[in-house]
Amino acid sequence: MSESFDCAKCSESLYGRKYIQTDDGPYCVPCYDNTFANTCAECQQLIGHDSRELFYEDRHFHEGCFRCCRCQRSLADEPFTCQDNELLCNDCYCSAFSSQCSACGEPVMPGSRKLEYGGQTWHEHCFLCSGCEQPLGSRSFVPDKGAHYCVPCYENKFAPRCARCSKTLTQGGVTYRDQPWHRECLVCTGCQTPLAGQQFTSRDDDPYCVACFGELFAPKCSSCKRPITGLGGGKYVSFEDRHWHHSCFSCARCSTSLVGQGFVPDGDQVLCQGCSQAGP
């Protein structure tokens with residue numbers, strides 16, 4: 001008498017039938033699928049033993065059911081993303097959820113390097129200086145009316161230029177004759193002393209310190225022989241072709257100040273009325 005060879009589930013004979021051997025014994029195909037097969041998360045049908053099964057996290061799928069929920073493209077051999085428990089191919093995910101590059105208009109792919117500024121997004125290789133068109137990357141930049149410039153390009157295009165050396169002023173500087181100057185460029189035409197922060201004057205548009213201007217251009221006091229610059233509120237007296245500081249305009253004999261007083265010229269000297277009448 002032959003030994004029985006039956007399905008471990010339904011006990012039907014397996015002679016002449018296809019079966020699957022397990023540690024618990026042999027199973028006919030229907031019983032094996034009903035006992036061990038997973039249910040497809042998409043179509044809710046059993047995934048038979050002869051079907052290619054795909055799974056993601058704790059969900060199982062027929063190969064044909066593992067597809068993008070939007071465009072129905074198969075994801076069996078495609079990169080994909082799970083969004084709100086739905087599977088999406090990269091194209092659909094980018095179209096629905098990714099930001100677009102403000103330069104090229106293409107989606108910024110998940111995981112790719114990007115730059116964000118002012119509510120806009122760029123691919124790293126698309127965020128360029130509006131001047132030299134080189135990638136700005138992590139470099140400092142200056143925004144201007146929707147454009148973005150690296151610091152050298154911005155300074156070259158917009159920063160004021162020194163009236164003397166024509167180079168850009170990046171900070172500080174002084175204004176002379178309504179033009180910007182580097183502090184170190186505004187110097188006396190005569191002695192080259194820096195003039196920023198000190199009193200100075202000009203002649204023929206050239207700046208001079210008080211000392212150089214006095215020595216080169218100012219009239220000399222007929223008494224002390226020092227220059228009469230008139231700067232700083234300094235007052236002076238002129239008579240014919242001679243000039244005096246207020247403090248120097250005094251009687252040559254008694255030293256009485258003659259400012260606002262009558263005087264009498266006596267050769268190279270001036271005298272008060274009293275000394276003039278007293279005689280030599």
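A polar contact is a pair of N or O atoms within 3.5 Å; within protein, one must be able to donate a hydrogen and the other to accept it, and residues adjacent in sequence count only if both atoms are side-chain atoms. This is a predicted model, where local features need pLDDT of at least 70 and side-chain atom pairs count only at pLDDT 80 or more, while totals for chains, interfaces and linings use all residues. Residues are numbered from 1 along each chain as its sequence is written, and side-chain values use heavy atoms, leaving out hydrogens and water.

**View 1. Polar partners of T22.** Here the side chain of T22 has a polar atom 2.8 Å from the backbone oxygen of G25. The T22 side chain also reaches the backbone nitrogen of D24, at 3.1 Å.

**View 2. The surroundings of T22.** Take a look around T22, which is buried at a relative accessible area of 17% (buried means under 20%, exposed over 50%, partly exposed in between, with a 1.4 Å probe and protein chains only). Setting aside neighbours within four places in sequence, T22 is in contact (heavy atoms within 4.5 Å) with Y27, Y32 and F36.

**View 3. The cysteines C28 and C31.** The whole structure has 0 disulfides, a disulfide being a pair of cysteine sulfur atoms within 2.5 Å. For C28, the nearest cysteine sulfur is that of C31, 3.4 Å away. That distance is too far for a bond, so the sulfurs of C31 and C28 stay unpaired here. C28 is buried, with a relative accessible area of 2%, and C31 also counts as buried, at 11%.
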